[in-house]
Amino acid sequence: MSFEPDAIEAARKIFSGPVAFLKSAPALEFLPNADVPEVAFAGRSNVGKSSLLNALTNRNSLARTSNTPGRTQELNFFDVGTPLTFRLVDMPGYGFAKAPKDMVRKWRFLVNDFLRGRDVLKRALVLIDSRHGIKDVDREILEMLDKAAVSYRMVLTKADKIKASDLAEVTEATAIEARKRPAAHPDILVTSSDTGMGIPELRAAVIEAIS
């Protein structure tokens, strides 16, 4: 899917303005007031979520990156715009094998309850590592989103790490999966936080979701 140049430029301007970390919420009672639209980012641990959020907002350290998968164990909220226009939500990474089972259960309840009960959540962006494609652990979050009737869109990350022919294959396979799912947007975004590939389109997709 392509966006009009005007939409790309408008999104660039919004993300070049104020973006600030608001708070972390380890449980629902710590959520900020539901007073502006929200767009959430979900992804398997080590999918490159923090790097993509930093690239999206053109900041080096807005979201913490870590060599230890699964470090993000809370819902992290970021305010965009002055006056406040919308929020980005960094959801806990999933599918990380070394986490204790009770912690995994806690993450699952937190994410599920957030998805089901957050009226201002306009869209989730589900990040998929382009080198691996959709895994069963990704399908679990897709099922949760479908059941919660939360609109979502799949975003391939690390697209610079594989050959163009392999990227085309995984993009098509992801699109086929999206077309089978009731809450999925049919168009796939392909990105690289290292090269900037697809970042302008991702910004435009975020603004489109809240408009």
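A residue counts as buried when its relative accessible area is under 20%. Glu38 has 0% relative accessibility and is therefore buried. The model is predicted. The points below cover two buried charged residues, a loop leucine, a covered helix and two helix pairs.

**Glu38**
- Glu38 belongs to strand E2, which spans residues 38-43.
- Its side chain makes a polar contact with the side chain of Arg118, at 2.7 Å.
- Beyond its neighbours within four places in sequence, Glu38 is in contact with Phe77, Arg87, Val89 and Phe114, among others.
- The contacts of Glu38 also include Arg118, Val120, Leu121, Lys122 and Arg123.

**Arg87**
- Arg87 sits in strand E4, residues 86-90.
- Its relative accessibility is 6%, so Arg87 counts as buried too.
- The side chain of Arg87 has a polar contact with the side chain of Asp35, at 3.1 Å.
- A polar atom of the Arg87 side chain also lies 3.2 Å from the backbone oxygen of Asn33.
- Leaving out residues up to four places away in sequence, Arg87 touches Leu22, Phe77, Phe78 and Asp79, among others.
- Pro32, Asn33, Asp35, Val36, Pro37, Glu38 and Val39 are also touched by Arg87.

**Leu31**
- Leu31 lies in the loop between strand E1 (19-25) and E2.
- At 18% relative accessibility, Leu31 is under the 20% cut-off and therefore counts as buried.
- Outside its neighbours within four places in sequence, Leu31 is in contact with Lys23, Ala25, Leu75, Phe77, Phe114 and Arg118.
- Arg118 thus appears among the contacts of Leu31 and also among those of Glu38.
- Leu31 and Asp102 are 71 residues apart in sequence, with their C-alpha atoms 22 Å apart in space.

**Helix H2**
- Helix H2 covers residues 49-56 and is mostly covered, with 7 of its 8 residues buried.
- The buried residues are Lys49, Ser50, Leu52, Leu53, Asn54, Ala55 and Leu56.
- These buried residues pack against two helices, H1 and H6.
- They also pack against strands E2, E4, E5 (121-129) and E6 (152-157).
- Asn58, just after H2, takes a positive phi of about 55 degrees.

**Helices H1 and H6**
- Two packed helices are described by the angle between their axes and the distance between the axes.
- The axes of H1 (residues 5-16) and H6 (residues 199-210) come within 8 Å and cross at roughly 85 degrees.
- H1 and H6 are therefore roughly perpendicular to each other.
- On the H1 side, Ala7, Ile8, Ala11, Arg12, Ile14 and Phe15 form the contact.
- On the H6 side, Pro200, Glu201, Arg203, Ala204, Val206 and Ile207 meet them.
- By class, this contact has 9 nonpolar, no polar and 3 charged residues.

**Helices H3 and H4**
- The axes of H3 (residues 101-117) and H4 (residues 136-148) come within 9 Å and cross at roughly 30 degrees.
- Angles under 35 degrees count as roughly parallel, so H3 and H4 are roughly parallel to each other.
- H3 passes H4 in a right-handed crossing.
- From H3, the contact uses Arg108, Val111, Asn112, Leu115 and Arg116.
- From H4, it uses Glu140, Ile141, Met144, Leu145, Lys147 and Ala148.
- By class, the contact of H3 with H4 has 6 nonpolar, 1 polar and 4 charged residues.

How values were computed:
Residues are numbered from 1 along each chain as its sequence is written. This is a predicted model: local features need pLDDT of at least 70, side-chain atom pairs count only at pLDDT 80 or more; totals for chains, interfaces and linings use all residues. Side-chain values use heavy atoms; hydrogens and water are left out. Helices (H or I, at least four residues) and strands (E, at least two) are DSSP runs, numbered from the N terminus. Buried means under 20% relative accessible area, exposed over 50%, partly exposed in between (1.4 Å probe, protein chains only). A polar contact is a pair of N or O atoms within 3.5 Å; within protein, one must be able to donate a hydrogen and the other to accept it, and residues adjacent in sequence count only if both atoms are side-chain atoms. Contact means heavy atoms within 4.5 Å. Axes are lines fitted to C-alpha atoms, for helices over the stretch in contact, and angles run from 0 to 180 degrees between N-to-C directions. Angles under 35 degrees count as roughly parallel, over 145 as roughly antiparallel, 65 to 115 as roughly perpendicular and the rest as oblique. A crossing is left-handed if the near helix is turned anticlockwise from the far one by less than a right angle, and right-handed if clockwise. Ala, Val, Leu, Ile, Met, Phe, Trp, Tyr, Cys and Pro count as nonpolar, Asp, Glu, Lys and Arg as charged, and the others, Gly among them, as polar.
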